[in-house]
Amino acid sequence: GGGLSDDPLWWLGGSPLGRCEGGPNEAALVEHAYGFLCWLMARPERDIAVATHSLFLLSLYYGALDLPKDSVGGSSSVVLFHTGELRSVLIEETAQPEPSGACLMEW
């Protein structure tokens, strides 16, 4: 094969979840990570391995997931991924918390 030149998803900045207009950017990566997370959570399997690029994992961890403070590596700063790194992660769906009344008003 011709490598990347034969891959329409690479050169057009797209993915199976849709095209990134103007090329990939942070918002598009997070949107794709969220779409992937929704697909992943709908799967019947309980243990799933994911192999992908570190930039996508950063979008998943810090954009699509609502991580508790100090949950990644015991630090609130961004923790990068290394080549060939293996991490075990438990992801569970929780109910959205009730909003506090600080900025709510009745109509």
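A contact here means heavy atoms within 4.5 Å. Display the whole protein chain: among contacts between residues at least 6 apart in sequence, 34% join residues at least 24 apart. This is a predicted model, in which local features need pLDDT of at least 70 and side-chain atom pairs count only at pLDDT 80 or more, while totals for chains, interfaces and linings use all residues. Residues are numbered from 1 along each chain as its sequence is written, and side-chain values use heavy atoms, with hydrogens and water left out.

Next, colour by secondary structure, taken from DSSP runs (helices: H or I, at least four residues; strands: E, at least two; numbered from the N terminus). The protein chain holds three helices and two strands, in the order α-β-β-α-α from the N terminus.

Switch to the surface. The accessible area (Shrake-Rupley method, 1.4 Å probe) is about 9100 Å², with 57% belonging to carbon and sulfur atoms.

Now select L40, I48, V50, V89 and I91. Of the 27 residues lining the largest pocket, these lie nearest its centre. A pocket is an open set of points on a 1 Å grid over the protein atoms alone, where a 1.4 Å probe fits, with protein on both sides within 12 Å along at least five of seven lines; lining residues have an atom within 4 Å of a point. The volume of the largest pocket, the space filled by probe spheres set on the points, is about 920 Å³.

Finally, select α2 (26-41) and α3 (54-64), the elements that give two or more residues to this lining. The largest share, four residues, comes from α3.
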